[in-house]
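Me: Could you take a close look with me at a single part of this model? I am a first-year student, so please explain the terms as you go.

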Amino acid sequence: MSGGLVSAPKGFAPSAVSITRYLAQVEQQQRALGRSPVSLAGGKPNPAVYDRDEYNQLAFAHIERMAARGSVAGIQNRFQLKQYLSNYTGSECHQAIRDDFLAGYQNDFNVQMSAGRLLPTNGNTQAISLLLQMYNKLGIAVSVFTPSPTYAGVLSPLQYAKNVRPFAVNIDENGMVPHDLEEQIQTAKKTGFHSAFIYLVPDGDNPSGITLSQERRDALYEVAARNGVFILEDTPYGYLRLEEGEEYPALMAANDPENIVMHAFSASKIGVPDERVAWLHVPNEWKLANGQVFPLYNEVVAAFAAQSLIHSAMSLAGFNGQMYNDAGEFVGLWPQARKRSAFYRNNRDVLFDGLQTALAGHPDLFQLSPKPKSGFVFCLKMPGLQKRTGMDAVELARWLIEKYEVIVTPMAGFYPEGAPVGSGSDEIRFAYSAASPEELRQGVDRLVSGLQTAYSINLG
Ligand SMILES: Cc1ncc(COP(=O)(O)O)c(C=O)c1O
């Protein structure tokens with residue numbers, strides 16, 4: 001017997017998992033078959049740069065520190081404090097934990113935030129999803145402006161946000177193009193959509209790998225502010241700075257005179273991914289076109305409570321604990337971040353430089369995106385791929401797994417609805433984060449061998 005529904009509702013489309021989740025399964029299946037694929041697909045942190053056990057110790061050590069300094073009034077006994085923090089509490093989490101995060105993050109990034117606008121979420125994935133849900137609650141049709149291509153994790157929750165329509169904004173080698181954004185905002189307005197927010201990953205965008213320059217940030221901010229559109233700044237890679245000695249632009253939240261930036265920080269790429277530590281900072285209110293006020297912060301907290309109720313205090317305390325040195329002094333997260341950045345810098349250089357050298361002789365066939373200054377990924381465009389090889393990027397990716405045991409990500413799944421038909425069919429994404437330098441070198445060799453065969457050419 002089937003379930004209660006006689007037929008699917010009109011317009012029903014099965015939900016799709018993102019390409020990155022799918023490829024994680026493919027890798028597992030390949031290993032189960034006894035094969036040893038090199039994965040250049042998953043933009044995952046490398047286990048070599050985090051220490052699971054140490055994280056737990058840091059959590060305990062930090063809670064002991066909190067007990068010693070009397071962070072929670074009336075509880076100085078460290079055992080009692082652990083018991084207290086691990087219990088049910090408000091969904092915004094304990095004030096003391098919020099204050100600790102805030103002090104550290106503000107100091108690290110020279111940004112001003114407010115504890116009364118801050119909510120821990122289950123990764124930035126949940127933050128994005130919660131914000132999209134707000135428009136269902138409001139019951140208004142809205143437009144969200146995303147780079148084209150964009151992070152697949154913003155496209156997946158869009159499947160559940162019926163009131164939200166993505167508008168694809170073109171990117172160039174410097175990221176989202178301001179005049180395209182302006183045009184899309186005007187198109188959305190004309191077609192009756194309230195403009196909700198612009199989704200940006202200013203540091204180490206996924207999949208483009210681009211870090212927006214200060215100039216580009218300012219230009220996009222100007223378009224947003226002039227049109228009264230919010231920005232959602234998704235920042236999982238802000239602590240990863242792969243260029244030594246280079247000055248990095250400020251967080252968009254740190255330059256926000258109009259109070260239009262919603263900031264989502266995720267610790268997944270700089271901490272331990274399954275701890276699900278992330279913090280969302282939103283305005284207390286949205287002012288609606290009809291003059292009404294939507295109490296955004298309270299609504300997001302209520303939606304979080306309906307899904308997750310509380311957060312793990314140990315996870316949050318472990319992240320805060322990373323901001324202290326062995327002597328127990330506050331040093332912020334940069335000392336840890338610099339070590340991790342050095343590791344990823346080396347990985348990036350192995351993969352990017354290896355491919356750049358091998359593909360340099362054929363700029364008409366192979367076009368790498370700019371060398372990333374942050375984040376875990378970059379892309380390769382292969383104009384005329386289908387004509388030259390008889391395969392599109394999905395078929396090429398399958399073939400590369402089968403014949404050359406190397407996994408890459410075809411990019412069609414990163415393009416929002418509204419992007420030109422066929423977008424991504426000649427592009428693949430590489431991640432350099434999760435493999436070892438040795439595996440990355442092997443990956444380059446396997447990929448280059450595969451491309452030589454597919455194109456019937458010799459590569460350097
Ligand atoms: C741009 C971007 N945002 C958000 C996430 C999701 O991270 P999490 O939900 O672990 O915070 C990722 C992970 O790959 C990402 O690349």
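Reply: Happy to! A residue is buried if 20 or more other C-beta atoms lie within 10 Å of its own, exposed if 12 or fewer, and partly exposed in between, with C-beta atoms placed from the backbone. This is a predicted model, in which local features need pLDDT of at least 70 and side-chain atom pairs count only at pLDDT 80 or more, while totals for chains, interfaces and linings use all residues. Residues are numbered from 1 along each chain as its sequence is written.

Let's pick helix α10. Its name comes from counting DSSP runs from the N terminus (helices are H or I, at least four residues; strands are E, at least two). Eight of the nine residues of α10, which spans 313-321, are buried, so the rest of the structure largely encloses this helix. Look for A313, S315, L316, A317, G318, F319, N320 and G321, the buried residues of α10.

What do they pack against? The buried residues of α10 meet three helices and two strands: α2 (52-68), α3 (78-85), α4 (95-109), β2 (118-122) and β9 (277-281). Contact here is between C-beta atoms, placed from the backbone, that lie within 7 Å.

Now zoom in on α2. The axes of α2 and α10 are 7 Å apart and meet at an angle of about 90°. α2 is therefore roughly perpendicular to α10, a label for angles of 65 to 115 degrees (under 35 is roughly parallel, over 145 roughly antiparallel, the rest oblique). Each axis is a line fitted to C-alpha atoms over the stretch in contact, and angles run from 0 to 180 degrees between N-to-C directions. From α2, the contact is made by Y55, N56, L58, A59, A61, H62 and I63, and from α10 by M314, A317, G318, N320 and G321. A317, G318, N320 and G321 also appear among the buried residues of α10. Sorted by class, the contact of α2 with α10 has seven nonpolar, five polar and no charged residues. In that sorting, Ala, Val, Leu, Ile, Met, Phe, Trp, Tyr, Cys and Pro are nonpolar, Asp, Glu, Lys and Arg are charged, and the others, Gly among them, are polar.

For another covered element, try strand β13 (residues 377-381), where four of the five residues are buried. β13 belongs to an open sheet of four strands with antiparallel pairing, in the order β12-β13-β16-β15. Five bridges join β13 to β16, and strands count as paired if DSSP finds at least two bridges between them.
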